[in-house]
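Colleague: I am new to this one and would love a guided tour. Could you show me the structure, and then I will ask my questions?

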Amino acid sequence: VSEIKLGSFRGGVFPLHEIHGGKDLTKDMPIAQMPAPDIAVYPMAQHIGAPCVPNVNKGDRVLIGQEIGSMKGFVSAPIHASVSGEVVALEQKLTISGSPVLSVLVKNDGKDEWVEDIQERTPGEIAALSAQDIRAIVKKCGVVGLGGASFPTHIKITPPPDNAIDTIIINGAECEPYLTSDHRLMLEQPEKLIGGIKLIIRAIGGGPRAVIAVENNKKDAISLLDGLLKAEKNISVKALEVKYPQGSEKHLITSITKRQVPSGKLPASAGCLVVNVGTAIAIYDAVHHGRPIVDTVISATGDLNRPGVFLVRTGTPVQQVIDHCGGFKPDVTKVISGGPMMGISIYDYSVPIIKSTSSLLAMTDKHAGIAPQTKCLRCGRCVKACPMFLMPAVLNRLSVMQNWEEADRYNALDCVECGSCTYICPAKLNITSNIRRAKRAVMSARKRS
Ligand code: SF4
Ligand code: SF4
């Protein structure tokens with residue numbers, strides 16, 4: 001592991017939350033099991049791509065691990081029950097994103113019965129699996145990107161036609177302030193992580209090296225993994241500068257390989273594949289234990305009375321997590337799914353935890369940094385902070401003027417929505433939301449033409 005030269009990229013910010021100890025709240029807390037919900041709610045869209053179709057009816061009994069939502073399109077991933085019990089409804093329910101989605105509701109019978117066809121595999125059986133077999137198992141188990149993107153993993157680990165991937169980057173940067181679930185996973189399940197990485201290397205064709213990329217504020221995880229990887233020829237760990245958005249795919253690639261992903265292209269065009277730590281562990285569980293995704297590790301943190309890191313079953317209401325953490329401290333005005341930089345505000349706490357939920361963060365106005373807006377001061381700080389070499393102040397103005405053509409010319413689509421510009425702006429302008437709006441308008445205009 002390189003301690004001397006930390007991997008990094010140009011731009012980015014150093015969020016104050018970090019200096020004030022956002023991660024200290026939970027980074028030393030072992031992963032604890034959250035009780036199962038009484039009623040589990042499974043939205044049929046928990047991934048990028050086509051939503052699933054329910055394959056159960058009201059009144060059916062389901063078991064843990066049973067597929068209750070089947071893939072409808074090529075880019076999709078099946079959904080499995082996380083409790084045993086009775087299907088009590090199929091109806092539209094609000095999700096963390098704020099939109100209603102067709103959902104299956106299961107009343108937990110408390111028996112915790114698993115389906116029988118969960119397939120434990122012996123080392124011999126695992127050694128005999130082909131790349132295609134590994135991808136088929138990952139697909140059957142509904143594995144999606146657990147770093148927030150929720151892209152179906154069986155597609156991600158399919159080599160592109162030219163298969164020029166020479167570097168697999170395992171994203172353990174966890175650069176968002178407050179979040180610690182990946183850190184805890186690296187400390188508590190390192191063997192599974194390394195086993196999952198070996199399966200990814202096999203699925204992609206066996207040739208590439210793999211690098212576990214970890215921000216240098218997780219020195220314990222870096223040294224643990226470094227020790228375990230001593231005998232491995234093609235897997236290593238690399239320490240990265242503690243800077244946001246170090247965990248964004250494009251910036252990780254630059255930090256590790258010094259390559260740039262060209263505008264509008266995917267990581268494969270720079271010879272890289274980026275997979276999150278939790279996803280690699282989910283691949284291990286799927287292949288070794290035949291275990292579909294029925295739970296996920298989240299940090300429940302910020303202004304909660306008893307913050308912690310929890311293994312939560314999918315379908316658990318956000319309210320249950322808040323209650324389990326002893327409720328809010330006084331004056332909490334905001335609950336965010338994800339980190340403070342890129343997360344989504346939650347307005348209805350009945351919404352369920354889904355596969356890719358990584359964190360629930362409660363914040364008071366003071367910690368959320370909510371302040372009145374003024375006019376742009378033309379200070380240029382947003383330009384300096386933008387890791388995509390954009391001009392956020394200009395894009396912000398073009399979005400307010402709804403000048404989508406010019407926004408396209410100023411490369412609005414290259415914005416990775418990291419929020420660094422909004423964070424650094426002394427005028428407190430909603431730059432990222434405005435650019436997000438511009439991106440949507442530019443994409444619709446391009447589709448129309
Ligand atoms: S313009 Fe986009 S990529 Fe650049 S700092 Fe703002 S949100 Fe990040
Ligand atoms: S950081 Fe804010 S105030 Fe400064 S130039 Fe950018 S938009 Fe204007």
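Colleague: Thanks! Let me begin with a ligand: which residues are around ligand 2?

Modeller: Happy to help, and please keep in mind that this is a predicted model. The shell around ligand 2 divides by class into 10 nonpolar, 1 polar and 1 charged residues. The residues around ligand 2 are Cys376, Leu377, Arg378, Cys379, Gly380, Cys382, Ala393, Cys425, Pro426, Ala427, Leu429 and Ile431.

Colleague: Arg378 is in that list. Is Arg378 buried or exposed?

Modeller: Arg378 belongs to the loop between helix H11 (365-368) and helix H12 (381-385). Its relative accessibility is 72%. Exposed means over 50%, so Arg378 counts as exposed.

Colleague: What is the phi of Arg378?

Modeller: Most residues other than glycine have a negative phi. Arg378 is not a glycine, and yet its phi is positive, at about 55°.

Colleague: Where does Gln402 lie, given that it also has a positive phi although it is not a glycine?

Modeller: For Gln402 the phi is about 55°. As for its place in the chain, Gln402 lies in the loop between helix H13 (392-400) and helix H14 (404-409).

Colleague: Now the other ligand. Which residues come nearest to ligand 1?

Modeller: Ligand 1 sits in the largest cavity. Two elements give two or more residues to its shell, helix H15 (420-424) and helix H16 (431-448). By class, the shell around ligand 1 has 9 nonpolar, 3 polar and 1 charged residues. Of the 13 residues around ligand 1, those that come nearest are Cys386, Cys415, Cys418, Gly419 and Cys421.

Colleague: Let us turn to the sheets. Which strands stand at the edges of the open sheet of 4 strands?

Modeller: The pairing in this sheet is antiparallel, and the strand order is S2-S8-S7-S4. A strand with a single partner has one side left without a neighbour in the sheet, so the edges are S2 and strand S4 (61-62).

Colleague: How many bridges does S2 share with strand S8?

Modeller: One bridge partnership joins Pro43 to Ser103 in S8. Elsewhere along the pair, Ile39 stands opposite Lys107 in S8. S2 and strand S8 (residues 100-108) pair in the antiparallel sense, and the count is 5 bridges.

Colleague: How many residues of strand S2 are buried?

Modeller: Strand S2 covers residues 39-43 and is mostly covered. Of its 5 residues, the number buried is 4.

Colleague: Why is strand S12 described as largely enclosed by the rest of the structure?

Modeller: In a regular strand the side chains alternate between the two faces of the sheet. On one side of S12 are Cys272, Val274 and Asn276, on the other Leu273 and Val275, and all are buried. Strand S12 (residues 272-276) is largely enclosed because the buried residues number 5 of the 5.

Colleague: Which strand do 5 bridges join to S12?

Modeller: In this pairing, Thr167 stands opposite Cys272 in S12. The two strands run parallel, and the partner joined to S12 is strand S9 (residues 167-172).

Colleague: Which residues form the aromatic pair?

Modeller: A search of the whole structure finds 1 aromatic pair. The pair is edge-to-face, at 5.9 Å centre to centre with 70° between the planes, and the residues are Phe328 and Tyr349.

Colleague: How many residues apart are Phe328 and Tyr349?

Modeller: Phe328 is in the loop between helix H10 (318-324) and strand S15 (332-337). Tyr349 is in the loop between strand S16 (344-345) and strand S17 (359-364). The pair links distant parts of the chain, and the separation is 21 residues.

Colleague: Which peptide bond is cis, with omega near 0°?

Modeller: Most peptide bonds are trans. Pro245 is found in the loop between strand S11 (235-240) and helix H8 (249-257). The cis bond is the one from Tyr244 to Pro245.

Colleague: One last thing: how many Å apart in space are Val144 and Ile283, C-alpha to C-alpha?

Modeller: Val144 has its place in the loop between helix H3 (131-140) and helix H4 (153-156), and at 0% relative accessibility Val144 counts as buried. In sequence, Val144 and Ile283 are 139 residues apart. In space, C-alpha to C-alpha, their separation is 9.4 Å.

Technical notes:
Residues are numbered from 1 along each chain as its sequence is written. Chains are lettered from A and ligands numbered from 1 in the order in which they are written. This is a predicted model: local features need pLDDT of at least 70, side-chain atom pairs count only at pLDDT 80 or more; totals for chains, interfaces and linings use all residues. Side-chain values use heavy atoms; hydrogens and water are left out. A residue is near a molecule or strand if one of its heavy atoms lies within 4 Å of it. Ala, Val, Leu, Ile, Met, Phe, Trp, Tyr, Cys and Pro count as nonpolar, Asp, Glu, Lys and Arg as charged, and the others, Gly among them, as polar. On a 1 Å grid over the protein atoms alone, a cavity is a set of points where a 1.4 Å probe fits but cannot get out, and a pocket is an open set with protein on both sides within 12 Å along at least five of seven lines; lining residues have an atom within 4 Å of a point. A molecule sits in a cavity or pocket if more than half of its atoms lie within 2 Å of its grid points. Buried means under 20% relative accessible area, exposed over 50%, partly exposed in between (1.4 Å probe, protein chains only). Two strands pair if DSSP finds at least two bridges between them. Rings of Phe, Tyr and Trp (its six-membered ring) pair if their centres lie within 6.5 Å; planes under 30 degrees apart count as stacked, over 60 as edge-to-face and the rest as tilted.
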